[in-house]
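Student: I should like to learn how the descriptive terms applied to a structure are justified. May we go through some of them?

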Amino acid sequence: MATKRLIKRKATVRKLALKGVNPDLFDEFKSLRSSVKHNIQKDYNTYLRHMENGLVSDPRRFKSYFKNKNINSPESLFYNNVRYDNDGDIANAFADYFSSVFKPSTDFDGNDECRSDCAGDLVKIENVTYDDVALAIKELKSSLTVGVDNIPSFIIKGCTEFLIYPLLVLFNLSLKTSVS
C-alpha cells in the first residue's frame, strides 16, 4: 500500500516539476523515484519469498507463478530458512526436499527373484535414452495431484532440464540391475 501511495505522489510531483512550478520539485521527484524503485524491489522480493514458502501449502499458486513467468529455473531459492543463490545449491536443496518426502515401498525385497511370469521376461528394454525421458516428462499431465513422492507433476515438468539426466541414470541403472 505504501508503494502505491509513493507511485501516485511521484506522478503528481513529476507533473508539477515538468510545469516548472517550483525548481525544488525536480529533486523531490528524483528522491521519490528512487524510493519507488527500492519499494518495488523490496515488495517483489517479499512476494517471491512468500511464493517459495507456499510451495507445499498452496501448489496452485506456485504453479500459476511458474506458468506466468515462463522461466526455466529460479535465480534463488528459500528452503528451510536458508537462501540458495547458485544453481548447484538450488539443485541440492531440491534434492534434499525430494529425498525428505520420498517414501520407499515396504512390499519389495531386493533379494526376491522375478518369477517366470514376470513382465520383465516378456519385455526387453536395453536402455532408456535422453529423448525417452524428455518425452515421458513432456507427456505428464499438468495436475496438482501427487504421486508416492508427494511431488506434483507440474514441478517435474517445470524442472525438466535439471531432472532429465538424474532420471536417465536411475532408469538405466534400474534396467541394468533389474531393481525397481
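**Terms and their grounds**

Tutor: Let us begin with a residue of helix H2, bearing in mind that this is a predicted model. Leaving aside its neighbours within four places in sequence, Asn39 is in contact with Thr3 and Leu6. Asn39 itself lies in helix H2, which spans residues 24-53.

Student: Why is Asn39 called buried?

Tutor: The relative accessible area of Asn39 is 13%. Buried means under 20%, and therefore Asn39 is classed as buried.

Student: What makes helices H6 and H8 oblique to each other?

Tutor: The axes of helix H6 (residues 130-138) and helix H8 (residues 160-177) cross at roughly 120° and come within 9 Å. Angles of 65 to 115 degrees count as roughly perpendicular, and those over 145 as roughly antiparallel. The angle of roughly 120° fits neither class, so H6 and H8 are oblique. Their crossing is right-handed.

Student: Which residues make this contact?

Tutor: H6 contributes Tyr130, Val133, Ala134 and Ile137, while H8 contributes Thr160, Ile164, Tyr165, Leu167, Leu168 and Phe171. By class, nine residues in the contact of H6 with H8 are nonpolar, one is polar and none is charged.

Student: How many aromatic pairs does the model contain?

Tutor: The count comes to four aromatic pairs. One of them is formed by Tyr79 and Tyr97, whose ring centres are 6.3 Å apart.

Student: Why is the pair of Tyr79 and Tyr97 called edge-to-face?

Tutor: The planes of Tyr79 and Tyr97 stand at 85°. Planes over 60 degrees apart count as edge-to-face, and therefore the term applies. The pair links distant parts of the chain, with Tyr79 in strand S1 (residues 77-79) and Tyr97 in helix H4 (residues 87-101), 18 residues apart.

Student: Are Tyr79 and Tyr97 buried or exposed?

Tutor: Tyr79 has a relative accessible area of 17%, and Tyr97 has 16%. Each value is under 20%, so Tyr79 and Tyr97 both count as buried.

Student: What makes the pair of Tyr130 and Tyr165 tilted?

Tutor: The ring centres of Tyr130 and Tyr165 are 5.3 Å apart, with the planes at 50°. Stacked requires under 30 degrees and edge-to-face over 60, so this pair is tilted. Tyr130 in helix H6 and Tyr165 in helix H8 are 35 residues apart.

Student: How do you know that Tyr130 is partly exposed, whereas Tyr165 is exposed?

Tutor: The relative accessibility of Tyr130 is 37%, and that of Tyr165 is 53%. Exposed means over 50%, so Tyr165 qualifies. Tyr130 falls between 20% and 50%, and therefore counts as partly exposed.

Definitions and conventions:
Residues numbered from 1 in each chain as written. Predicted model: local features only at pLDDT ≥ 70, side-chain atom pairs only at ≥ 80, totals over all residues. Heavy atoms only, no water. Helix = DSSP H or I, 4+ residues; strand = E, 2+ residues; numbered from the N terminus. Buried < 20%, exposed > 50% of the residue type's maximum accessible area, 1.4 Å probe, protein only. Contact = heavy atoms within 4.5 Å. Axes fitted to C-alpha atoms, helices over the stretch in contact; angles between N-to-C directions. Parallel < 35°, antiparallel > 145°, perpendicular 65-115°, else oblique. Left-handed = near helix turned anticlockwise from the far one by under 90°. Nonpolar A, V, L, I, M, F, W, Y, C, P; charged D, E, K, R; others polar. Phe/Tyr/Trp six-rings, centres within 6.5 Å; stacked < 30°, edge-to-face > 60°.
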